[in-house]
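The following note sets out numbered remarks on a structure for a colleague's consideration. The remarks concern helix packing, the sheet, the ligand site and backbone geometry.

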Amino acid sequence: CKRMELPPRPKLFDFHGVSMTNYFTGNWDNVQNFQARPDDILIATYPKAGTTWVSYILDLLYYVQTAPERQRPIFEKVPFLELLIPLYPPGVEVLDKLTTSPRLIKSHLPVQLLPKSFWEQNCRIVYVARNAKDSAVSYFHFDRMNRTQPEPGDWNNFLQRFMDGKMVFGSWYDHVTGWWEKKQTHSKILYLFYEDMVEDTGRELDRLCSYLGLSPSAEEKERVRGVVQFDNMKKNSMANYSTLPIMDFKISPFMRKGKVGDWKNHFTVAQNEQFDEDYKMKNTTVQFRTVV
Ligand code: A3P
């Protein structure tokens, strides 16, 4: 049998002031003209904040009864709006064809680049944020194993690039603060923290349900909580990305550790001091925990 041609590693370039690759800008006109529907639910994150976790929770909350046809990988059930990679249909195209309601939509776009129809339709938006240090570590391992990301280089250089905001989808600092500021004036944004979800998944599940106006029974909630525990999602081929050939799990699995504080195993004392010194979050009220 013929081996599938894997896409090449992309280059990073400046796109409206945000570092990007062509895998997320190649379909830009269609992304910007995307027609959101009023009942769409957007899951917006900076990469590695727990997007897949929250996507799976929402999928279970909305579609648990329609099991057979939903037995598909999470990246097909919650399409990635701006994605345009070889071998797969563009995210916009998949979304346009979806007839289920509500559509669950994933995006990593910074707030200023989100297609305007999401605001016009007043869609519900769940933003998930994760502390910078663990995000950087998770992103580093992701870039090692994912062929559609630029080569990460060594950890020290990668961390410097992270501090400089030269990552795919731009600066972590700008992303989390941009969405945080938007939330102050836009009531449809629920801003969740990865650390809170690790600390007490049930409590954050309750917050999600009340935001979405859902009232699952206690048993149903307990079931969802069990299914989305890290160890269970790691084993679940519908949730763990193991069916996606662009990722090489021999280098690092997608469901890697699922912890708060793994940064301590990666940052040297000097790197940690430099990172804290450089931390570009003086002018915002959003606060992160790096341990729970
Ligand atoms: P680590 O690399 O630190 O393990 P995203 O889905 O936004 O790409 O985020 C991926 C990160 O979320 C990975 O972090 C992954 O392990 C973690 N994650 C995914 N599902 C999780 C779960 N159920 N519980 C805790 N962490 C989870």
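1. In this predicted model, helix α3 (residues 51–63) and helix α13 (residues 218–227) have axes that come within 10 Å and cross at roughly 145 degrees. The crossing of α3 and α13 is right-handed. From α3, the residues that make the contact are Tyr-56, Ile-57, Leu-60 and Leu-61, and from α13 they are Arg-223, Val-224 and Val-227. Sorted by class, the contact of α3 with α13 comprises six nonpolar residues, one charged residue and no polar ones.

2. The sheet deserves separate comment. Its four strands follow the order β4-β3-β5-β6, and the sheet is open with parallel pairing. The edge positions belong to β4 (104–107) and β6 (189–193); each has a single partner strand, so one side of each is left without a neighbour in the sheet. On average, and with direction ignored, neighbouring strands of this sheet are turned by 20 degrees against each other.

3. Which residue of β6 is the bridge partner of Tyr-127? Strand β5 (residues 124–129) pairs with β6 in the parallel sense, over five bridges. Within β6, the bridge partner of Tyr-127 is Tyr-191. In general terms, the strands of a sheet pair through backbone hydrogen bonds, in either a parallel or an antiparallel manner.

4. Two helices should be considered together with the strands. Helix α3 lies across β3 (41–45), β4 and β5, and runs at about 165 degrees to β3. Helix α10 (residues 172–185) lies across β3, β5 and β6, running at about 140 degrees to β6.

5. How many residues surround the ligand? There are 18, and the closest are Thr-51, Thr-52, Ser-138, Lys-257 and Gly-258. Polar backbone atoms take part: one of Lys-257 is 2.6 Å from an oxygen atom of the ligand, and a backbone N or O atom of Val-228 lies 2.8 Å from a ligand nitrogen atom. On the side-chain part, an N or O atom of Arg-130 is 2.9 Å from an oxygen atom of the ligand.

6. Two backbone features merit inspection. Most peptide bonds are trans, and most residues other than glycine have a negative phi. The peptide bond from Ser-101 to Pro-102, however, is cis, with omega near 0 degrees; Pro-102 is found in the loop between α6 (91–97) and β4. Asn-122 is not a glycine, yet it has a positive phi of about 55 degrees. The location of Asn-122 is the loop between α7 (117–120) and β5.

How values were computed: Residues numbered from 1 in each chain as written. Predicted model: local features only at pLDDT ≥ 70, side-chain atom pairs only at ≥ 80, totals over all residues. Heavy atoms only, no water. Axes fitted to C-alpha atoms, helices over the stretch in contact; angles between N-to-C directions. Left-handed = near helix turned anticlockwise from the far one by under 90°. Contact = heavy atoms within 4.5 Å. Nonpolar A, V, L, I, M, F, W, Y, C, P; charged D, E, K, R; others polar. Pairing = 2+ DSSP bridges. Near = heavy atom within 4 Å. Polar contact = N/O pair within 3.5 Å; in protein donor to acceptor, adjacent residues only side chain to side chain.
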